[in-house]
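Trainee: Could we go through this structure together? I am new to it and would like to start with the basic terms.

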Amino acid sequence: MRAARLIKMVLLLQARPSMTGAELAEELEVSERTITRDALALSEAGVPVYADRGRAGGYRLVGGYRTRLTGLGRSEAEALFLSGLPSALREMGLQDAASAARLKVSAALLPSLRDASDSAAQRFHLDAPGWYQEPETPELLPAVAEAVWDDRLLSARYRRQDAEVERELAPYGLVLKAGVWYLCARADGGTGTVRVYRIDRFTAVTLGDERFERDEDFDLPGFWEERAAQFARSILRSEVVVRLSEAGAERLPYVADRAAAREALAAAGAADDEGRVTVTLPVESANVAYTQLLSLGPEVEVLGPPALRERFAEAVARMRGLYP
């Protein structure tokens, strides 16, 4: 632990002209007294760390000292490619590996390029969860992530409806979708088909010592895109017929399933004399359609099914009573 901290301290000082004890303590998550002891230990080991005294003082490396400890380990190299996803790295327990990788890259760069990471961070940030959500990190995510990185089989207990099931999984990849973590894994110890599991439904995870043989042709982004499209289609089990104004047609993709709404609008006939188009829209259920279409207000008229039209008529009557 201390050796890793000393290396990180040298890399920090190599990447910057000078750092105060407080800055180093914050970066390394230790006390300033520990920084003083670490600087002394580095000096005794032959690393020329110099401490400038006074209010504007700090620590620096003397004489353009350069360490050769800049080779990236596998975990650091892998984490580096995820360095634009700080929250995801933190949730998977990879923030230390990513931090070490960035420091090593910075140390290997020319002085004129060492601000590249700060420059990029000032210009790009990914916030994966949707608005109005407070995503919770699944407690078992770090263990699952470790199994994914190491290609290790894991046994998992999984909540499915009102029961728990146990599966031996070959974990192929993790996906963060709108703040929710999913695992794409082959069941039955790697012999089954690839399935998708919500990690927040895992109740227990045990990592095995055995590693599985990864199918090198497996394309995680392609698999997820195809499975997400299938899922979106599979839940649209009902249909409603609506008559939309021009404004309603424009807003429909923002209140209903976007792909289904656009396809329904493209298949609609010409507008009538009032400028409205009649659309047959796939929906998850009548209840979901009621909530979605109600937000369009007078820009939509529900034509069918009859029960849904009656429900809208009742809603309109209640609203009229609120505005006599």
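Mentor: Buried means under 20% relative accessible area, exposed means over 50%, and partly exposed is in between, with a 1.4 Å probe and protein chains only. This is a predicted model, in which local features need pLDDT of at least 70, side-chain atom pairs count only at pLDDT 80 or more, and totals for chains, interfaces and linings use all residues. Residues are numbered from 1 along each chain as its sequence is written, and side-chain values use heavy atoms, with hydrogens and water left out.

Trainee: Is Glu29 buried or exposed?

Mentor: Glu29 is exposed, at a relative accessible area of 72%. Its place is the loop between helix H2 (21–28) and helix H3 (32–44); helices (H or I, at least four residues) and strands (E, at least two) are DSSP runs, numbered from the N terminus.

Trainee: What is the phi of Glu29?

Mentor: Glu29 has a positive phi of about 60°, although it is not a glycine. Most residues other than glycine have a negative phi, and most peptide bonds are trans. Asp151 also is not a glycine and has a positive phi, of about 55°. Asp151 sits in the loop between helix H8 (141–150) and strand E3 (152–160), and it is partly exposed, with a relative accessible area of 21%.

Trainee: And which peptide bond is cis?

Mentor: The one from Gly304 to Pro305 is cis, with omega near 5°. Pro305 belongs to the loop between strand E10 (300–304) and H13.

Trainee: New topic: which way do the side chains of strand E9 point?

Mentor: They alternate along residues 277–283. Val277, Val279, Leu281 and Val283 point to one face and are buried, whereas Thr278, Thr280 and Pro282 point to the other and are not. In a regular strand the side chains alternate between the two faces of the sheet.

Trainee: How many bridges link E8 and E9?

Mentor: Strand E8 (residues 238–244) pairs with E9 in the antiparallel sense over seven bridges; two strands pair if DSSP finds at least two bridges between them. Val240 stands opposite Leu281 in E9.

Trainee: Back to H3: what does the side chain of Thr34 contact?

Mentor: Thr34 is in helix H3 and counts as buried at 12% relative accessibility. A polar contact of 3.0 Å joins its side chain to that of Ser31. A polar contact is a pair of N or O atoms within 3.5 Å; within protein, one must be able to donate a hydrogen and the other to accept it, and residues adjacent in sequence count only if both atoms are side-chain atoms.
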